[in-house]
Amino acid sequence: MQEELNQFSKNQVWKLIPKPDNVSVIGTKWVFRNKLNEDGKVIRNKARLVAQGYSQQEGVNYDETFAPIARLESIRILLAYASFKGFMLFQIDVKSAFLNGFIEEEVFVKQPPSFEDSKVSYHV
């Protein structure tokens, strides 16, 4: 979890400010996942901080969404095409990925659970 928060600091993702009046604050939660090796043994525990999207309302808190995922079928097609054409493919493991676009509106989220700053616990 600390590694995830360090990435946020490194990428200057947010800053703590007093909660403005009349704004919606989105909650956050930790999502945990075990990374396995080829033998099925746990080699790393991963934690990601995510926004609790179920507290948002379309048209009020957001207009569109984006989820960077690849379907298994797409990967299979890519591998088959690369094999047929003789392309060389590489795999990378991304520790932390951030979208490079700018958000036009301000978004206010709660501090991460178990990592609230006790001096300014009311900040968002």
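**Figure 1. Surface and overall layout of the chain.** The chain exposes about 11000 Å², and carbon and sulfur atoms supply 52% of this area; accessible areas come from the Shrake-Rupley method with a 1.4 Å probe, and for residues only the protein chains shown count as cover. This is a predicted model, in which local features need pLDDT of at least 70 and side-chain atom pairs count only at pLDDT 80 or more, while totals for chains, interfaces and linings use all residues. Residues are numbered from 1 along each chain as its sequence is written, and side-chain values use heavy atoms, with hydrogens and water left out. Two helices and two strands make up the secondary structure, and from the N terminus on they run α-β-β-α. Helices (H or I, at least four residues) and strands (E, at least two) are DSSP runs, numbered from the N terminus. Of the 124 residues, 15% count as buried; here buried means under 20% relative accessible area, exposed means over 50%, and partly exposed is in between (1.4 Å probe, protein chains only). Among contacts (heavy atoms within 4.5 Å) between residues at least 6 apart in sequence, 62% join residues at least 24 apart.

**Figure 2. The largest nonpolar core.** Five residues form this core: Leu 5, Phe 8, Trp 30, Ala 47 and Leu 49. A nonpolar core is a set of buried Ala, Val, Leu, Ile, Met, Phe, Trp, Tyr and Cys residues joined through side-chain atoms within 4.5 Å. Helix α1 and strand β2 each supply at least two of the core residues. Have a look at Phe 8, which sits in helix α1 and is buried at 8% relative accessible area. Its C-alpha atom is 9.9 Å from that of Leu 49, although the two are 41 residues apart along the chain. Trp 30 is worth a pause too: setting aside neighbours within four places in sequence, its contacts are Met 1, Glu 4, Leu 5, Ala 47, Arg 48, Leu 49, Pro 112, Pro 113 and Phe 115.

**Figure 3. Salt bridges.** The structure holds two of these pairs, each defined by a side-chain nitrogen of Lys or Arg within 4 Å of a carboxyl oxygen of Asp or Glu. Side chains of opposite charge can pair when their charged atoms come close. In one bridge, Glu 3 meets Arg 44 with an N to O distance of 2.7 Å. Glu 3 belongs to helix α1 (residues 2-10) and Arg 44 to strand β2 (residues 42-51), so this pair ties together parts that are 41 residues apart in sequence. Both partners are partly exposed, Glu 3 at 38% and Arg 44 at 29% relative accessibility. In the other bridge, the closest N and O atoms of Arg 71 and Glu 73 are 3.4 Å apart. Arg 71 is exposed, at 56%, while Glu 73 is partly exposed, at 42%.

**Figure 4. A nonpolar surface patch and an aromatic pair.** Leu 72, Ile 75, Leu 78, Leu 79, Tyr 81, Phe 87 and Leu 89 make a patch of about 680 Å². Patches are made of residues with over 30% relative accessible area and no salt bridge, with like charges joined within 9 Å and nonpolar side chains (Val, Leu, Ile, Met, Phe, Trp, Tyr) within 5 Å. Leu 89 lies in the segment after α2 (72-85) and is partly exposed at 41%; Tyr 81 is partly exposed at 46%. Next come the rings. Rings of Phe, Tyr and Trp (its six-membered ring) pair if their centres lie within 6.5 Å; planes under 30 degrees apart count as stacked, over 60 as edge-to-face and the rest as tilted. The count by this rule is two aromatic pairs. For Tyr 81 and Phe 87, the ring centres are 5.9 Å apart and the planes stand at 70°, so the pair is edge-to-face. Ala 82, in helix α2, is buried at 2% relative accessibility. Apart from neighbours within four places in sequence, Ala 82 is in contact with Phe 87 and Leu 89, two members of the patch.

**Figure 5. Two residues outside the helices and strands.** Asn 22 is found in the loop between α1 and β1 (28-36). Its phi is near 60°, a positive value in a residue other than glycine, and Asn 22 is exposed at 82% relative accessible area. His 123 lies in the segment after α2 and is buried at 12%. Not counting residues up to four places away in sequence, His 123 touches Leu 16, Ile 17, Pro 18 and Gln 111.
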